[in-house]
Amino acid sequence: MQRLAMDLRMLSRELSLYLEHQVRVGFFGSGVGLSLILGFSVAYACYYLSSIAKKPQLVTGGESFSRFLQDHCPVVTETYYPTVWCWESRGQTLLRPFITSKPPVQYRNELIKTADGGQISLDWFDNGNSTCYVDASTRPTILLLPGLTGTSKESYILHMIHLSEELGYRCVVFNNRGVAGENLLTPRTYCCANTEDLETVIHHVYSLYPSAPFLAAGVSMGGMLLLNYLGKTGPKTPLMAAATFSVGWNTFACSESLEKPLNWLLFNYYLTTCLQSSVNKHRHMFAKEVDMDHVMKAKSIREFDKRFTAVMFGYQTIDDYYADASPSRRLKSVGIPVLCLNSVDDVFSPSHAIPIETAKQNPNIALVLTSHGGHIGFLEGIWPRQCTYMDRVFKQFVQAMVEHGHELSNM
């Protein structure tokens, strides 16, 4: 790497001298414009291939899971080539919602009741035209959990459903209380530390299709919720495997990172307003629980959580809530195979908080860590409208577990 760095510095110096000479000759003379473009292109290509495009780091708690992924989910060992003109973390994060396509999906909505009198909105994609799994009772089911204020309409969810459709699978999206347009029947929303609603959904779906392979995938906060559930239940879950994407492993570290001035401006304040909007629609339900005027003045996610979420779920302090919400503390107790994709440049989930050592102690865990990709970005290709690296990891992993998952128990 040192030799490569020296070569690149020498190349840059030679290019600078060359371009300096060409500019003195005159930009429009002797094809200088083309020379400039060529020179910059070569330099950028060298930098991109040496510093940007890299194989992900695969961290597993056991040789069996590592070997399984290399055999049946090879994408986790291949070089990830981020979009050449947009590989920076914030750029990938900001661009993805606008540039990626939204495949059309026809949902069947179901409202299920909860023990406290509330209701949860589930959006089903039954895939009744599946030719691979004609029998609905044995058709693999993928439970999808969107991010913080996300719903079944998010582009990353639609892409997962589209890929699942190609495999012949059925999908169901778990919309958190009050975010998908349904009425809030009780003064309670959601948080990534409380897994009661997720437990209700999992047991409901399993009761409908007990003979079907059952997996789950969670994105961002949805992944945090999923990991906290798996950490609490261990192997005693109907799920056979799970995948998470862009999870915030340590809530304290996530908040600190998002409160840095640029990150606050680009992400934190906007997400805070989204949270405020989601609860303000049901403002009348919380009048006796929290000071809604105070909540609506929050300027960060931490302030919102302190004034609303922590109070709503009975935590004494925001620190108590954030400690309970961090999936890293429960990772050692996960009892089924879980693949976790994170980018080390994700400002939502700082690399120093990724629990690499803890993952090495659990044979059920595989961390796939890319050098770039941002938060739920993972854009690749010149014009990344369709499939992202995250999508490819999702498709290969769920297919591997459905078709070859039995091999893990035999290893």
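# Notebook: contacts and burial in a predicted model

**Entry 1. Aspartate 346.** I began with D346, which touches S89, S246, G374 and H375 when residues up to four places away in sequence are not counted. The model is a predicted one, and I keep that in mind for every entry below. I then looked up where D346 sits: it is in the loop between β8 (338-343) and α13 (356-359). Is D346 buried or exposed? Its relative accessibility is 2%, so I entered D346 as buried.

**Entry 2. The annotated active site.** I consulted the UniProt record next. Its unreviewed entry lists S220, D346 and H375 under "active site". These residues are spread over 156 residues of sequence, yet they cluster in space, with a largest C-alpha distance of 11.0 Å.

**Entry 3. Histidine 375.** I located H375 in the loop between β9 (365-370) and α14 (389-404). With neighbours within four places in sequence left aside, H375 is in contact with T93, S220, S246, D346 and F348. Two of these partners, S220 and D346, also stand in the UniProt "active site" list. I looked more closely at the pair H375 and S220: their side chains make a polar contact at 3.0 Å. H375 has a relative accessibility of 6%; the limit for buried is under 20%, so H375 counts as buried.

**Entry 4. The annotated domain.** I returned to the UniProt record for a wider view. The unreviewed entry places the feature "domain: AB hydrolase-1" at residues 140-381. I noted that the end C-alpha atoms of this span lie 30 Å apart. The span is 39% helix and 14% strand.

**Entry 5. One loop, two residues.** I chose N176 and P187 for this entry. N176 lies in the loop between β5 (170-175) and α6 (196-208), and P187 is placed in the loop between β5 and α6 as well. Which residues does N176 meet, neighbours within four places in sequence aside? I found E182, Y190, M221 and L225. N176 has a relative accessible area of 5% and is buried. P187 is partly exposed, at 33%. Under the rule applied to N176, the contacts of P187 are M285, F286, E289 and M312. I also checked P187 against I120: they are 67 residues apart in sequence and 13 Å apart in space, C-alpha to C-alpha.

**Entry 6. Phenylalanine 313.** I found F313 in the loop between α11 and α12. F313 is buried, with a relative accessible area of 17%. Not counting residues up to four places away in sequence, F313 touches R188, T189, Y190, C191 and N194. Y190 is also one of the residues in contact with N176. For a distance, I took F313 and T388, which are 75 residues apart in sequence and 36 Å apart in space, C-alpha to C-alpha.

**Entry 7. Helix α12.** I listed the buried residues of α12 (residues 318-325): I318, Y321, Y322, D324 and A325. They cover an arc of only 165° around the axis, and therefore lie on the same side of α12. What do these buried residues pack against? I recorded α7 (221-233), α8 (251-258) and α11 (301-312).

**Entry 8. Helix α3.** I made a similar list for α3 (residues 63-72), where F65, S66, F68 and L69 are buried. Their arc around the axis is only 160°, which puts them on the same side of α3. On the other side of this helix, I found E63 and D71 exposed.

**Entry 9. The whole protein.** I closed with the overall values. The protein has 15 helices and 9 strands. Of its 411 residues, 54% count as buried. I looked up the box filled by the C-alpha atoms, and along the principal axes it is roughly 80 × 55 × 40 Å. Why does the radius of gyration agree with a compact globule? A compact globule of 411 residues would have a value near 22 Å, and the protein has 23 Å. Among contacts with a separation of 6 or more, 76% join residues 24 or more positions apart. Finally, I noted an accessible surface of about 18200 Å², of which 56% belongs to carbon and sulfur atoms.

Note on methods:
Residues numbered from 1 in each chain as written. Predicted model: local features only at pLDDT ≥ 70, side-chain atom pairs only at ≥ 80, totals over all residues. Heavy atoms only, no water. UniProt positions renumbered as here; feature names shortened; annotations may be inferred. Helix = DSSP H or I, 4+ residues; strand = E, 2+ residues; numbered from the N terminus. Buried < 20%, exposed > 50% of the residue type's maximum accessible area, 1.4 Å probe, protein only. Arc of directions from axis to C-beta. Contact = heavy atoms within 4.5 Å. Polar contact = N/O pair within 3.5 Å; in protein donor to acceptor, adjacent residues only side chain to side chain. Rg over C-alpha atoms; globule rule 2.2 N^0.38 Å. Areas by Shrake-Rupley, 256 points an atom, 1.4 Å probe, with all protein chains shown as cover.
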